[in-house]
Amino acid sequence: MDFTKAVTKGKLLADQYSHVIDEVVKQYDERMGQDIVHGTRHWTNVFTNAYHIIENSPEVHNQLEEYLLGAFLFALFHDSKRKDEGLDLLHGYKGGAYFLEMVIKHNIEISPTIQTKIYRAITNHSTEIKSGISIISVCYDADRFDLFRVGKIPKIQYFSTPYCVNNFSNIIWNYKNKSSIETRVTDVFR
Ligand SMILES: [Fe+2]
Ligand SMILES: [Fe+2]
């Protein structure tokens, strides 16, 4: 897996939304500190994973840019309201509310349909296994594939995008292959 294109797109979106990101990261750092398990390196991996899934899902390419922006905003907000590194059952709900607040405050241009779905994805990402909704599935699968960062191997029953389900062992093999992980050193949110 080559994440170069994903990182390039992530940096483009990060430039476009730098004022939003600065605010999100500041409040996160003040509460949690930097470079930890659920911080901006994880958010970057979630976006690049999502990019990879979307790139390999031709059935969503008629909404490509909407999906990429939705995945980017999911990555940015889904763990942004954590209060600790544990289960923190409420962080999804708080992250969802924060996402809506920031969409209004910063006038983020996103279609109402995608906004509603990304809100739901952020809110439910740690409590719901499968949503049956395509863009939410992309977000959930992208987050779950980053379990590798804590030494856990994801299990197929928690995945739902056709690309991930149909290519699960290949994707796992690629993630285990260090050379693919070494390309993932960039943090697009800092
Ligand atoms: Fe989370
Ligand atoms: Fe996460």
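**Notes on the core and helix packing**

1. Start with A50: leaving aside residues up to four places away in sequence, A50 touches A71, A75, V138, C139 and A142. Touching, or contact, here is C-beta atoms within 7 Å of each other, with those atoms placed from the backbone.

2. Some housekeeping. This is a predicted model, so local features need pLDDT of at least 70 and side-chain atom pairs count only at pLDDT 80 or more, while totals for chains, interfaces and linings use all residues. Residues are numbered from 1 along each chain as its sequence is written, and chains are lettered from A and ligands numbered from 1 in the order in which they are written.

3. Now the core that A50 sits in. The largest nonpolar core contains 40 residues, and A50, A71 and C139 have the most contacts inside it. Two or more residues come from each of α1 (4-16), α2 (18-32), α3 (40-55), α4 (64-77), α6 (112-124), α7 (134-144) and α8 (162-166). The biggest contributor is α4, with 9 residues. For the terms: a nonpolar core is a set of buried Ala, Val, Leu, Ile, Met, Phe, Trp, Tyr and Cys residues joined through C-beta atoms within 7 Å. Buried is 20 or more other C-beta atoms within 10 Å of a residue's own, exposed is 12 or fewer, and partly exposed is in between. Helices are DSSP runs (H or I, at least four residues), numbered from the N terminus.

4. How do α4 and α7 pack? Their axes come within 10 Å and cross at roughly 45°. That makes the two helices oblique (not under 35 degrees, not over 145, not 65 to 115). The crossing of α4 and α7 is right-handed (near helix turned clockwise from the far one by less than a right angle). On the α4 side you'll find Y67, G70, A71 and F74, facing I135, V138, C139 and A142 of α7. By class, this contact has 7 nonpolar, 1 polar and no charged residues. Axes are lines fitted to C-alpha atoms over the stretch in contact, with angles from 0 to 180 degrees between N-to-C directions. Asp, Glu, Lys and Arg count as charged; Ala, Val, Leu, Ile, Met, Phe, Trp, Tyr, Cys and Pro as nonpolar; the others, Gly among them, as polar.

5. Next, α1 against α3: the angle is about 120° and the axes are 9 Å apart. This pair is therefore oblique too, and the crossing of α1 and α3 is right-handed. A6, V7, K9 and G10 of α1 meet T44, F47, T48, Y51 and H52 of α3. This contact has 4 nonpolar, 4 polar and 1 charged residues.

6. F189 deserves a look. F189 is in the segment after α10 (178-181) and counts as buried, with 24 C-beta neighbours inside 10 Å. Its C-alpha atom is 6.9 Å from that of T44, though the two are 145 residues apart along the chain. Beyond four places in sequence, F189 touches A14, I21, V25, T40, W43, T44 and L76.

7. Is G95 buried or exposed? G95 is buried, with 24 C-beta neighbours inside 10 Å, and lies in helix α5 (residues 91-105). Past the four-place limit, G95 touches F77, H78, D79, S80, K81 and I122.

8. Last, S131, in the loop between α6 and α7. With 17 C-beta neighbours inside 10 Å, S131 is partly exposed. Residues up to four places away aside, S131 touches I136, S137 and Y140.

Definitions and conventions:
Contact = placed C-beta atoms within 7 Å.
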